[in-house]
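Please look through the structure shown below and read the report that follows beside it. The report takes up open and enclosed spaces, then strand pairing, and finally the links between side chains.

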Amino acid sequence: QVQLVESGGGLVQPGGSLRLSCAASGRTFSTYKMGWYRQAPGTEREFVASVTWSDGTTNYADSVKGRLTISRDIAKHTVYLEMNSLKPEDTAIYYCNLYSFGAGSEYWGQGTQVTVSP
């Protein structure tokens, strides 16, 4: 089993910044990626960003390119989402995700609320 624990959400004004963290523990995999999804009220969960653990390859949703940056700390088994120039439409619950390529298994964190409001 895998545990994903997120932190770093909160309330921020438009144009502000936040950094989300997600620490992974438990079962290990040889090839996997970690990433972030978000879900605003009344909408479906959507992809935000991901990073392939082995080589650091990143992928972003078009809506966040240039403003959000995903990174990883291999030693700490932690993935980060640096969020800059935040907009009200970024308001959502942000979920950490781990996907194992080999096993085809997927795991989710409990979510952390990000609210962008004056």
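The largest pocket of this predicted model is lined by Val2, Ala24, Ser25, Gly26, Arg27, Thr28, Phe29, Tyr32, Met34, Trp53, His77 and Leu98. The space within the largest pocket comes to about 170 Å³. Strand E3, which covers residues 18-26, and strand E4 each supply at least two residues of this lining, and the largest share, three residues, comes from E3. Sorted by class, the lining of the largest pocket divides into seven nonpolar residues, four polar residues and one charged residue.

Besides this open space there is an enclosed one, for the count comes to one cavity of 30 Å³ or more. The largest cavity holds about 30 Å³ of space, and its lining is made up of Lys33, Met34, Gly35, Tyr37, Phe47, Ser50 and Asn97. Two elements, strand E4 (32-39) and strand E5 (46-52), give two or more residues to the lining of the largest cavity, and E4 gives the most, with four residues. The classes represented in the lining of the largest cavity are three nonpolar, three polar and one charged. Met34 appears in the lining of the largest pocket and also in that of the largest cavity.

**Strand E11 and its partners**

In a regular strand the side chains alternate between the two faces of the sheet. Strand E11, residues 112-116, has a covered face made up of Thr112, Val114 and Val116, while Gln113 and Thr115 belong to the uncovered face of E11.

Which way do strand E2 and E11 run, parallel or antiparallel? Strand E2, residues 10-12, is joined to E11 by three bridges, and the two strands run parallel; within this pairing, Val12 has Val116 of E11 as its bridge partner. Strand E9, residues 92-100, also pairs with E11 over three bridges, but in the antiparallel sense, and here Ala92 stands opposite Val114 of E11. Both of the E11 residues named in these pairings, Val114 and Val116, lie on the covered face of the strand.

**The disulfide**

A disulfide is a covalent bond between the sulfur atoms of two cysteines. The structure holds one disulfide, which joins Cys22 to Cys96 with a distance of 2.0 Å from S to S. Because Cys22 lies in strand E3 and Cys96 in strand E9, the pair ties together parts that are 74 residues apart in sequence. The torsion about the S-S bond of Cys22 and Cys96 is about -85°, and the disulfide is therefore left-handed. Are the two cysteines, Cys22 and Cys96, buried or exposed? Both Cys22 and Cys96 are buried.

**Salt bridges**

Side chains of opposite charge can pair when their charged atoms come close. The count of salt bridges in this model comes to four, and three of the pairs, including their N to O distances, are set out here.

| Acidic residue | Basic residue | Closest N to O distance |
|---|---|---|
| Glu46 | Arg38 | 2.7 Å |
| Asp62 | Lys65 | 3.1 Å |
| Asp90 | Arg67 | 2.7 Å |

The salt bridge between Asp90 and Arg67 links distant parts of the chain, since Asp90 sits in the loop between strand E8 (78-83) and E9, whereas Arg67 sits in the loop between strand E6 (58-60) and strand E7 (68-73), 23 residues apart. Asp90 is buried, because its relative accessible area is 0%, and Arg67, with a relative accessible area of 10%, is therefore buried as well.

The pair of Glu46 and Arg38 can be described residue by residue. Glu46 has a relative accessibility of 36% and so counts as partly exposed, whereas Arg38, at 6% relative accessibility, counts as buried. In the pair of Asp62 and Lys65, Asp62 has a relative accessibility of 65% and so counts as exposed.

Which residues are linked in a network of salt bridges? The network of salt bridges links Arg38, Glu46, Arg67 and Asp90.

How values were computed. Residues are numbered from 1 along each chain as its sequence is written. This is a predicted model: local features need pLDDT of at least 70, side-chain atom pairs count only at pLDDT 80 or more; totals for chains, interfaces and linings use all residues. Side-chain values use heavy atoms; hydrogens and water are left out. Buried means under 20% relative accessible area, exposed over 50%, partly exposed in between (1.4 Å probe, protein chains only). Two strands pair if DSSP finds at least two bridges between them. On a 1 Å grid over the protein atoms alone, a cavity is a set of points where a 1.4 Å probe fits but cannot get out, and a pocket is an open set with protein on both sides within 12 Å along at least five of seven lines; lining residues have an atom within 4 Å of a point. Grid points are joined across faces, edges and corners, and a volume is the space filled by probe spheres set on the points. Ala, Val, Leu, Ile, Met, Phe, Trp, Tyr, Cys and Pro count as nonpolar, Asp, Glu, Lys and Arg as charged, and the others, Gly among them, as polar. A disulfide is a pair of cysteine sulfur atoms within 2.5 Å. A salt bridge is a side-chain nitrogen of Lys or Arg within 4 Å of a carboxyl oxygen of Asp or Glu.
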